[in-house]
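Subject: Structure for your review

Dear colleague,

Please find below the structure that I am handing over to you. I would be grateful if you would look through it before reading the notes that come after it.

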Amino acid sequence: MAAQETTASIAGSPLRDGAPADEIQGVRPAAVVLPGTPEAAAAVLAEATRTHRSVVIRGRGSRHDWGRVPQPIDLLLDMSLMNRVLSHEYGDLTATIEAGATITEVNAALSRYGQWLPVDAAFAHATIGGTLASADSGALRHRFGTIRDLVIGVTLATTDGAVVRAGGQVVKNVAGYDLGKLLSGSFGSYAAILSATFKLAPRPGRSTTITAEFEGESSLDGPLRRIMASQVEPMAMDLHVTCPASSSPSVRLLVRLASTPGALAAQVDALRRMLGSASVLEETGEREADRWNEQVPGPWRRPGAVLRVSWRPSATGELLARLRAMAADDGVTLELAGRAAIGAGVLRVDGPDAGVARIVEQLRAWSPAIGAVSILRASIAVKTHIDPWGEVGSSLSVARALKQAFDPAGVLGAGRGVV
Amino acid sequence: MTDEFLREARDIVGAPHLISEPERLLTYECDALVHERQVPGAVVMPGSTAEVQALVRLCRQHRVPYVARGHGTGLSGGATPAAGGLVIALTRFARIVGVDLANQRMTVEPCVTNLQITQRVARDGWYYAPDPSSQSACSIGGNVAENSGGAHCLKYGFTVHHVVAVDMVLPSGDLVTLGAATADHPGPDLLALVIGSEGTLGIVTSITVRILRQPEAVDTLLTAFDSIDAAGTAVSRIIGTGIVPAAIEMMDRLAVRAAEAAVHPGFPVAEAILIVELDGPRAEVDELMAEVADICRVAGATAVHRAQNNDDRARIWQGRKAAFAAMGRVSPNYYVQDGVVPRTRLPDVLAKIKTLELRSGLPIGNVFHAGDGNLHPLICYDERVAGQADLAEAVAGEILDYCVGAGGSITGEHGVGADKRCAMSKMFSPADLTLMTRLRDALDPDRLCNPDKLFPTPRLCGEVPGPYRPHPLEQAGMGERF
């Protein structure tokens, strides 16, 4: 159903009825509002607070199915009209970008000066605001950190109707609380991100990706350890593991190297030596781009639940052995795509709900080798059976106290996030 | 501070770990911002996290303000006590708790120094990246409070990029763990709020950091220029070609003269010297360093010297890192400012500082992290000359106005603390400060945890003139107004 044109408005911003396409895990928002300015967005939040209406913030909806199944949603605050690059100070390697801009559009604009925001977009329409609020990350994290590591300033709309800034326009700045980073992982439950300023990077000159195929998980251990302890400096270093329910797993290590031409050749040689007997493929240009486009967004294109999982890199071999065993025992297909040296990535679980639930429970019980297991995408049945966020620990009281300070009326987030 | 409070505090930490004799308390009246002083009511040195929790609860019960203290090297008065308040000195929290090379983690207590972390793993080829100039003395707990950087933060970032988890005693006395040794702890990034919060949200008692593999090659280039502008042009061109150096530092003639007098690094005589450091794989560093040297020559460098070995490199860095302290060789007193401008605005702001130097009559030396626009003007004065100390402070304040006016910050790495709380409103609106204060109050409703720091208050900053109202401490007989 197409969006209805109406003349309704809230706090000066146009309002339309919620449509089936706006549904979040089966919950249809009563209305959708599209503010065009920071002040308009803040006015909507103030009005929602005054009238006790629950608000979910949306960029382009790439991750609308993440997190808990929402409580009833009165207003969907759609940020897609606020989608400009407000400034690109290329001499300073910084840019200020509105929350509704997509990473893909932003990087197309920044490339004019040979720069980029080095953040993976697992989804074609992943926005700046959504990526920050969901703390999403991909393979580039190995060198550049996550979007939280790149944000240097933020403008927020708060539930009291204020437009608030924290941080600044400069990379080095320790004045005041760093609210841009705090909002990372907040899932729209503290405030609406209106725009953010980022530290950029020069686009890498030349890069090559080496993909090594291993015979089972045990042959990966040695090379992985050698590379992590070496002085080779990859731009990305990813694992890709598929464990089908009824056949042997495939285990791959993807290492992307980027450097000056002469140095690149030396690093490729050093890396090949460390990979030992694994069968190795070297790709550049479009093939390389395709490889990464399969590695990061790939799992999301295939069916099944998707978990965000972190683990101790030293336990990688053991993790893969367990995944293989669990896939066989529970009759599910498992696909892990993650950062080998950091121990973080996504695990796709394709199988019946009961199998998904068992995988989550087994992984969560395996401490301390496994860090956090969050359910991003799964059926409503799974998400109502198991808390998508799991046990958050003692920090929960702090997160709640801050929620109370940001949003005393409790209108933001509809319970999708941790608080 | 009542006798009952002191007795209970003594019961918690044991008599040898409580200081209340007036002459011994003087040691704790300030940190490295020496002009901001307050004598505390007492100093305690707890020996366990449980003791810290008990002390915080005791302070809450008796409404006594408190501040945690590491090694007291902070430059913004972040560890200055509240008058008559309690100093919780974490001196006994100085152990390295665990090293996990396979997972690139190390867990330490807050009074381990920054350099001790690197020293512990250096022989195995690892290091901790943030390297403030005071790294041999400053505590990692203080680094967490201030989100310390260092010369190499241009490439490697700040404390917030290298600390993955902390244990913190909240102002309620509860102990929480923020972050985790593994990645992607769910929920808002509370750890990032705490790092750089200047001790206003709690007391950190354990810190887990990420350690990095030492780069294969580290090369340092020392170059000299006839003008600061020419050196600035070289910096812009280096960054413009897409090279991300590990560090780019600039010093002007006065700063070079001071460094020479103090530690004799053998810097060339010039209007400006530029130190550029590259690190990474050997072949990459070789290729890029040749390019950097060419850029410097084209920009008019009068001398280009590539460090020949580690000793030579250490000598160059010693000259740079000693620059602040060395000012004492050329001036009886000096005031260090810490402002930031977008790198491209450096020439305008330096020109303004030059004009200010001439107008004020106070010599100003400049040492700065040119790669990220972090200025450290050193304002020379003589406190024996009537009015010069005040003039120096006014000059320092005016430089901050230039920084904020250029779109920069009032502090790049030293923190706001007591020193710049009144300058916060130059950078942030009342709405910004109200929200930050609300978050602080959410965790510390009694405002006892390092009070009167970071945020401007009408009482201290005088923006809201009103009738005199006694501070609760004055009412309680715990402090008085001077």
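The notes below deal with chain B as a whole and then with one helix of chain A.

Please bear in mind that this is a predicted model.

Chain B as a whole

The secondary structure of chain B consists of 18 helices and 19 strands. For a chain of 482 residues, a compact globule would have a radius of gyration near 23 Å; the value for chain B is 23 Å, and the two therefore agree. The C-alpha trace of chain B extends over about 70 × 60 × 40 Å along its principal axes.

Of the 482 residues in chain B, 58% are buried. Among contacts in chain B with a separation of 6 or more, 70% join residues that are 24 or more positions apart.

The exposed area of chain B is about 18000 Å², of which 51% comes from carbon and sulfur atoms. Chain B carries 43 positive and 57 negative side chains, and the centres of these two sets are 1 Å apart.

Helix α11 of chain A

Helix α11 of chain A covers residues 316-330, which is 15 residues. From first C-alpha to last, this helix reaches 21 Å, close to the 21 Å expected at 1.5 Å a residue. The buried residues of α11(A) include T316(A), L319(A), L320(A), L323(A), M326(A), A327(A) and D330(A). In an α-helix there are 3.6 residues a turn, so residues three or four places apart point the same way. Directly after α11(A) comes G331(A), which has a positive phi near 65°.

With kind regards

Terms used
Residues numbered from 1 in each chain as written. Chains lettered and ligands numbered in written order. Predicted model: local features only at pLDDT ≥ 70, side-chain atom pairs only at ≥ 80, totals over all residues. Heavy atoms only, no water. Helix = DSSP H or I, 4+ residues; strand = E, 2+ residues; numbered from the N terminus. Rg over C-alpha atoms; globule rule 2.2 N^0.38 Å. Buried < 20%, exposed > 50% of the residue type's maximum accessible area, 1.4 Å probe, protein only. Contact = heavy atoms within 4.5 Å. Areas by Shrake-Rupley, 256 points an atom, 1.4 Å probe, with all protein chains shown as cover. Lys, Arg positive; Asp, Glu negative; His and termini not counted. Charge placed at Lys NZ, Arg CZ, Asp CG, Glu CD. Expected span 1.5 Å × (residues − 1).
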